[in-house]
Amino acid sequence: MLYRENGQFKTSYADDQQLFPIAQDRWSILALTVFAFIGIPLLVDEYLLRAILIPFLILSLAALGVNILVGYCGQITLGAGAFMAVGAYAAYNFHSRLPGMPLVLSMLLGGVTAALVGIFFGIPSLRVRGLYLAVATLAAQFFTDWVFLRVPWFTDHAASGSVSVSNLQILGWQIAEPVDKYLFCLFWLTVFALLAKNMTRSAIGRQWMAIRDMDVAAEVIGIRPLFAKLSAFAVSSFYVGTAGALWGFIHLSSWEPAAFSVDRSFQLLFMVIIGGLGSIMGSFFGAAFIVILPIVLNQFLPALGRLVGLNISTAGVSHAELIIFGSLIIFFLIKEPHGIARLWSTGKEKLRLWPFPH
Amino acid sequence: MGFFLETLIGGLMAGMLYSLVALGFVLIFKASGVFNFAQGAMVLFAALAMARFSTWIPQWLGLESAALANVLAFLAAGAVMFLVAWLVERLVLRHLVNQEGATLLMATLGIAYILEGIGGTLFGSDIYKIDVGMPKEPVMILEHVFDGGLLINKEDFVAASIAALLVALLALFFQKTTTGRALRAVADDHQAAQSIGIPLHRIWFIVWCVAGVVALVAGVIWGSKLGVQFSLSTVALRGLPVVILGGLTSIPGAIIGGLIIGVGEKLSEVYLGPLIGGGIEIWFAYQLALVFLLLRPQGLFGEKIIDRV
Amino acid sequence: MKSIKLAVAGAAIASLLSTPNVIAQAKEQFFPVLVYRTGAYAPNGSQWANGYVDYLKLVNAKGGINGVKISFEECETAYATDRGVECYERLKGKNGGATLFQPLSTGVTFALTEKAPVDKIPLITAGYGRSESQNGAVFTWNFPLLGTYWVGAEVAIQHIAKKEGGVAKLKGRKIALVYHDSPYGKEPIPVLQELARNHGFELQLLPVAHPGVEQKATWLQVRQQKPDYVLLWGWGVMNSTALREAQSTGYPREKMIGIWWAGAEPDVKDVAEGAKGYNALTLQHGAEPNAKVVKDLRELVYAKGQGTGPKEDVGQVLYMRGLISAMLGVEGVRKAQERYGKGKVMSGEQVRWGLENLSLDQKTLDGMGFAGVMRPVQTSCLDHMGSSWVRVHTWSGSKWEFTSDWYQADEKVLRPMVMLASSKYAEEKKLKPRTPEECKK
């Protein structure tokens, strides 16, 4: 009843091509963004900001990057953690070695470095695909793990190989309080999510999708696989790299290569598959699912146990958490193999017809 | 020269163990097209079951003989793995027929989480011991041929022999039995196999059972070598380059690939490692697989139909 | 579908709203407990956690800290940095505010070092963490009590020198370091390099990748190079694997010296005879099943069925480590109460003062049941470590036995390195080290 596009006429090309063609969508997204920028900082306490919302925002950005590669271009990657690491360490080096380097610029340069490395490790995609490619990207993962542990130059010769940053500021804005950090990440994410949304509708996005759907056919109609695939690797790695820089700089502020281990790569791939391949929205859903669910389970299970008079040990909770998490993943995959984003759009379709479904 | 041979042999032994893990991957991929990331968790789960049963069963039954307890524990753990296989087929795979590779891969990761959780709950998360009487002390051979002799690890030798035996048995099973033929038929073409009356679900169940047994053997060998604990599940990551190198659908590929990776890893770590700082064996294995991949995208023995791009 | 989502959301809200039944009483001192009872390092982590929690229970059974009872809550980190940070954020404000944190992970320590000063919560890292954080003038909130990895490295070389018959004999020797390839394993390298320069021995570095189950190549290299001694800097399964590989390559276990995290029962138990003769440094204590505090625990906690872990583990090495870590924290609170009011709940800031002015002499320690377990601890503003005494114990095939006298780390070597590293840190962070006057406050 409320969600209906009747009476919204598209009278110009601009109307037809806008990002959110349905007015209700447009307004609700806008409202959500405004709420995220203004409402949440006012309402939410420090724990939610620091332990849940900031990781969620950063990992959403990373998932977005992975989704560009996996969901839009169809190239499976298990090396996302590696590109996060490259982004973080490159940004660290730009930041600490060049005095007076603005924070945003060093993060962007971190992303650019990650993009270059991504292009390099994307080369095998010209020859192999699918699971074979996934393993090829794992090579990137293990190699960067090793490089950042072994080459002291990257970590500014820190004895332990762990680096840290502090006193972050942009034009006098000190990013120290959780709210500042949250707003910074949110701003970053909003800009890049909009950019991604537009990119996937542009010529290059269409090339990616053509390659994903059938590469031979795409080549026949004149799309260069070399350019399309490597550009997807570059853009994806850029996103993932800046997310890595945010993760290091804003979330952890002191990190070691283990922060970007192979587990992280798996986690990111999880996010896009659970969330929905080839959907910007899906990246957010996936990140929310993977970041928040374990934490909620972890806090909720002991309370539930007490409710029925059981005192579950810490180990018991963690094991139960693993079991439930695994079961939910399988449940989702069986019920909706196309991810939460598909559920979302099914819901929207239903809403359009509501309350008269026939 | 003696040292080079030692490294080579060490690599071959390690490689044999990798092949055992890789074999689990290949079996399942061949029959159902599922890339089973839970193989590592299955190794852990089987080893945990074995280790715990071998202490529980004597307590329950009042047995004295350690050998008998081990045999019973092995059978019990095997039964547990059959149960796992049945549940996986029944609750997961059956509902995911005809899904994309990535979805199936994620599902097996889900299975891995569940197995780790259940394993921890049922069997505990401490270090457990599997004692099947593997010899631990090394022996020195050919002392008069090389300076310093050749140090051979008996445990590795026994383990590699068991692995080789298992592979031989599997080959027999696949070649000579009716079930084995049915399995090969399914591997070649699902639909054709189904149309001549081979029950797909039952075949999948059998394949997961076989993979479970392979995991159990791998678990017993690794577990008696390292102690049974959570890190056993990471052996899956060691098996990945092996299957890529050998080809996802080839059993001999898993064996040869394992040996190549094992030897490559050890030689690189020993001879190249000191020059660039050490700790390179993991990524070296992957790079080795990658180089092979670029030259032969289908792996050493993989089927040619893998599409080139 | 929707109902499940709703249930999950509802559950989430419920869990966030409902405080667990350890409701914050006005007079309870809250000790958050970061543990890892699952994952690759669980066998070692859970022993430590059991000792830690049991000691807190013991203090409560004895009437609390001057009447102030202790409340505690565990949070599982699985040895992962980001989960550790989440746990920290979750627990730091709970039940009236966290007293202090002990993360038992070098990675988490590094991350929390940046956060603790903001939240004004002290961080005890007994026997691990950043070595330069000994300098309390820069690292106001870090307390690497009883020893750092630099202390361990220096003492290990002292021990070798003694065995060889003097420092001069070290010249031309070869010592290998087999280490966990992470900040934890890399911490001792600067000290070892410095000592190698001073004493003229050759240092061979052999990293082992996480989690350390594949060490064949490492030990082949050991066999090839034949170092005179091997230092083992591992954690969890890496230690037992190293011992097994040493056995199968025939390297004498008597020539191996582990750090105190590589010298506990889970590391050697299953190797049993194969590890016989293996040495490890101790963070003062070894396995202490006969100490008075352990007897108290058996009587007051375990006899009532309130023990956290299995009874057999009580008094084992890592259990004692956890217990002593908890004791140091509790004593910090007690000391703080002396200044800020007995029988009151202390804030993190007050506890920090207590930890910085910790003064546990032998009589006090003996009185608490730690006779023969540990030596006096005396901290100050400049020295957040408080003690650098180390012994060596050896695995007999069935239990750990002390086999050396006490060693004290050489301040002449370590102090300049600590000062250099901490001032570099201060410079990076634009921190002004505290002056002696500020310290008195």
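Select helices H9 and H11 of chain B in this predicted model, and look along the pair until you can see that H9(B) passes H11(B) in a left-handed crossing. Two packed helices are described by the angle between their axes and the distance between the axes. Here H9(B), residues 235–246, and H11(B), residues 281–295, pack at an angle of about 15° with their axes 9 Å apart. Angles under 35 degrees count as roughly parallel, and therefore H9(B) is described as roughly parallel to H11(B).

Now show the side chains where the two helices meet. On the side of H9(B), the contact is made by Pro241(B), Ile244(B) and Leu245(B), while H11(B) brings Ala285(B), Tyr286(B), Leu288(B), Ala289(B), Phe292(B) and Leu293(B). If you colour these residues by class, you should find nine nonpolar residues in the contact of H9(B) with H11(B), and no polar or charged ones.

Next, zoom out to the whole of chain B, which has eleven helices and two strands. If you follow the chain along its sequence, the elements come in the pattern α-α-α-α-β-β-α-α-α-α-α-α-α. Along its principal axes, the C-alpha trace of chain B spans about 65 × 60 × 35 Å. A compact globule of 309 residues would have a radius of gyration near 19 Å, and the 20 Å of chain B agrees with this. Of the 309 residues in chain B, 56% are buried. Among the contacts in chain B between residues at least 6 apart in sequence, 73% join residues at least 24 apart.

For a single buried position, select Val214(B), which is found in helix H8 (residues 200–226) of chain B. Val214(B) has 28 other C-beta atoms within 10 Å, and so it is classed as buried. Not counting residues up to four places away in sequence, Val214(B) touches Leu20(B), Leu23(B), Gly24(B), Leu27(B) and Leu166(B). You can also draw a distance from Val214(B) to Ile261(B), which lies 47 residues apart from it along the chain, and their C-alpha atoms are separated by 20 Å.

Move to chain A and select Val179(A), which is found in helix H7 (residues 178–201) of that chain. Is Val179(A) buried or partly exposed? Because 16 other C-beta atoms lie within 10 Å, Val179(A) is partly exposed. Leaving aside neighbours within four places in sequence, Val179(A) is in contact with Pro41(A) and Leu49(A). Val147(A) is 32 residues apart from Val179(A) in sequence, and their C-alpha atoms are 34 Å apart in space.

With chains A and B both shown, turn to where they meet: the contact takes 37 residues from chain A and 39 residues from chain B. On the side of chain A that touches chain B, the elements giving two or more residues are helices H6 (130–150), H11 (262–275) and H13 (314–335) of chain A. Which of these elements gives the most? H13(A) does, with 13 residues. By class, this side of chain A divides into 28 nonpolar, five polar and four charged residues.

Finally, show chain C beside chain A, where 35 residues of chain C are in contact with 32 residues of chain A. Among the elements of chain C that give two or more residues to this side are helix H1 (2–17), strand E2 (69–76) and helix H3 (81–91). The largest share, six residues, comes from H3(C). Coloured by class, the side of chain C that touches chain A has twelve nonpolar, ten polar and 13 charged residues.

Note on methods: Residues are numbered from 1 along each chain as its sequence is written. Chains are lettered from A and ligands numbered from 1 in the order in which they are written. This is a predicted model: local features need pLDDT of at least 70, side-chain atom pairs count only at pLDDT 80 or more; totals for chains, interfaces and linings use all residues. Axes are lines fitted to C-alpha atoms, for helices over the stretch in contact, and angles run from 0 to 180 degrees between N-to-C directions. Helices (H or I, at least four residues) and strands (E, at least two) are DSSP runs, numbered from the N terminus. Angles under 35 degrees count as roughly parallel, over 145 as roughly antiparallel, 65 to 115 as roughly perpendicular and the rest as oblique. A crossing is left-handed if the near helix is turned anticlockwise from the far one by less than a right angle, and right-handed if clockwise. Two residues are in contact if their C-beta atoms, placed from the backbone, lie within 7 Å. Ala, Val, Leu, Ile, Met, Phe, Trp, Tyr, Cys and Pro count as nonpolar, Asp, Glu, Lys and Arg as charged, and the others, Gly among them, as polar. The radius of gyration is taken over C-alpha atoms; the globule rule is 2.2 Å times the number of residues to the power 0.38. A residue is buried if 20 or more other C-beta atoms lie within 10 Å of its own, exposed if 12 or fewer, and partly exposed in between; C-beta atoms are placed from the backbone.
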